[in-house]
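Here is a short tour to read with the coordinates open beside you. Have a look around first, and then follow along by heading.

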Amino acid sequence: ITLQTARQRRDEMRSKVANGINPAIERQQAKVEEKIKLENTFEQVSKDWLKNVSKGLSEHYRIGIEGYFKNHIYQYIGNRPINEITRLELLEVIKIIDQKGYAETARRALNVCGSVWKYAVTMGKTEHNIVADIDKKYALSKTVKQHYPVITEPKELGALLRGIDGYHGSLIVRQALRLAVLVFVRPANIRFAEWREFDFENKVWRIPADKMKMKAPHIVPLCKQALEILEELKPLTGSGKYLFPSPNTTLKPICENTLNQALRRLGYTKEEIVSHSFRGIASTILHENISKHGFHSDVIERQLAHAERNGVKAAYNHAEYLEERTRLMQWWADWLAIIA
């Protein structure tokens, strides 16, 4: 540094000493404050929060939350100390997401931020939960619930089934589609299905609570057609963790859009069918044919895992109507075989 600059700093130090300030201690305090500021950025606090709650989240949900942060929030306020972020600043970030046409993503991102701020207040990283001051009714666009498209006319559904059976892409993806039609669970359950969850002796798939939307364990009776699919799949992926692993690594499942992309390759648009549509297709047809298969609506709804139950009851009732559900699933598979 120049001599002039050195003299200026010397004079500043003398002035501080004269006013009772120890420059060495002041530097130490500045380092401590900078360290605290780095540890209290929104990005770091959100990661700490997610680490604390991740044990109670499904892998699918945890990955979704990480996506909200990485894709929509960190770029704007990730490096800002959480105690310095204002309500209007956060609201501006949420509005950017909303104005891109992602209204539901904006709503979910705001909900997740609310949890982060509650954690930050609890841990003493900020004094106030600014999300509590935001009224979603005014902050976000109104969303219209979109129902997944379904194909329920037997002739058209039969054509889809034949298309899936003749799928020329990955054999693993073809088997995933075939199984999805038969068991009509949520797409995430298909993606993250693990071999250890399948009880071949009792012919059931036991999905653990942390993978279910309602956080309750779910049993899927396996019809003979589903068991055949699994037997065909075993030589390909049976030595790994997932039934349907990523083509890049057996440590991860197929990606979120794999099944939808396969449906696009079969010539179907997203307005005609998506991977989640198989649930709606099964629900519609099974309810319309109660007089034929003879199982009442409660059995169908239980197999769809739609019933909301308290946690204690859920722990004991995941096998409710299991005998009827087993026969229902076989009727469904046989009916699909007829129209295909």
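## A salt bridge along helix α4

Glu66 has a relative accessible area of 25%, so this residue counts as partly exposed. In this predicted model, its side chain meets that of Arg62 in a salt bridge, with 3.1 Å from N to O. Arg62 is likewise partly exposed, at 24% relative accessibility.

Where do Arg62 and Glu66 lie? Both belong to helix α4, which covers residues 59-77, and they sit four residues apart, about one turn of the helix.

## More charged pairs

The structure holds 13 salt bridges, and a few others are worth a visit. Arg80 pairs with Glu89, where the closest N and O atoms are 2.8 Å apart. Neither falls under the 20% cut-off for being buried: Glu89 has a relative accessible area of 22% and is partly exposed, and Arg80 is partly exposed at 23%.

Next, please turn to Glu197 and Lys211, whose side chains form a salt bridge at 2.5 Å, N to O. This pair links distant parts of the chain, 14 residues apart: Glu197 is in the loop between α10 (187-191) and β1 (198-199), while Lys211 is in the loop between β2 (204-207) and β3 (218-221). Is Glu197 buried or exposed? With a relative accessible area of 6%, Glu197 is buried. The pair also has company, since salt bridges with shared partners join Glu194, Arg196, Glu197 and Lys211 into one network.

## The two sides of helix α3

Helix α3 runs over residues 42-53, 12 residues in total. From its first C-alpha to its last, α3 reaches 16 Å, close to the 16 Å expected at 1.5 Å a residue.

Which residues of α3 are buried? They are Phe42, Val45, Ser46, Trp49 and Leu50. Viewed down the axis of α3, the buried residues fall within an arc of 135 degrees, so they line one face of the helix. Lys51 and Asn52, on the other side of α3, are exposed.

## Around Cys223

Cys223 is found in the loop between β3 and α11 (224-237). Its relative accessible area is 4%, so Cys223 counts as buried.

What is Cys223 in contact with, once its neighbours within four places in sequence are left aside? The partners are Leu182, Met329, Gln330 and Ala333. If you would like another landmark, try Val204: its C-alpha atom and that of Cys223 are separated by 8.7 Å, with the two residues 19 apart along the chain.

## Stepping back to the whole chain

Now for the overall picture. The secondary structure of the protein chain amounts to 17 helices and three strands. Its C-alpha atoms fill a box of roughly 95 × 45 × 40 Å along the principal axes. The radius of gyration is 27 Å, whereas a compact globule of 340 residues would have one near 20 Å.

Of the 340 residues, 41% count as buried. Among contacts with a separation of 6 or more, 65% are between residues 24 or more positions apart. The chain exposes about 19500 Å², and carbon and sulfur atoms supply 51% of that area.

Terms used
Residues are numbered from 1 along each chain as its sequence is written. This is a predicted model: local features need pLDDT of at least 70, side-chain atom pairs count only at pLDDT 80 or more; totals for chains, interfaces and linings use all residues. Side-chain values use heavy atoms; hydrogens and water are left out. Helices (H or I, at least four residues) and strands (E, at least two) are DSSP runs, numbered from the N terminus. The expected span of a helix is 1.5 Å times one less than its number of residues. Buried means under 20% relative accessible area, exposed over 50%, partly exposed in between (1.4 Å probe, protein chains only). The arc is that of the directions from the helix axis to the C-beta atoms. A salt bridge is a side-chain nitrogen of Lys or Arg within 4 Å of a carboxyl oxygen of Asp or Glu. Contact means heavy atoms within 4.5 Å. The radius of gyration is taken over C-alpha atoms; the globule rule is 2.2 Å times the number of residues to the power 0.38. Accessible areas come from the Shrake-Rupley method with a 1.4 Å probe; for residues, only the protein chains shown count as cover.
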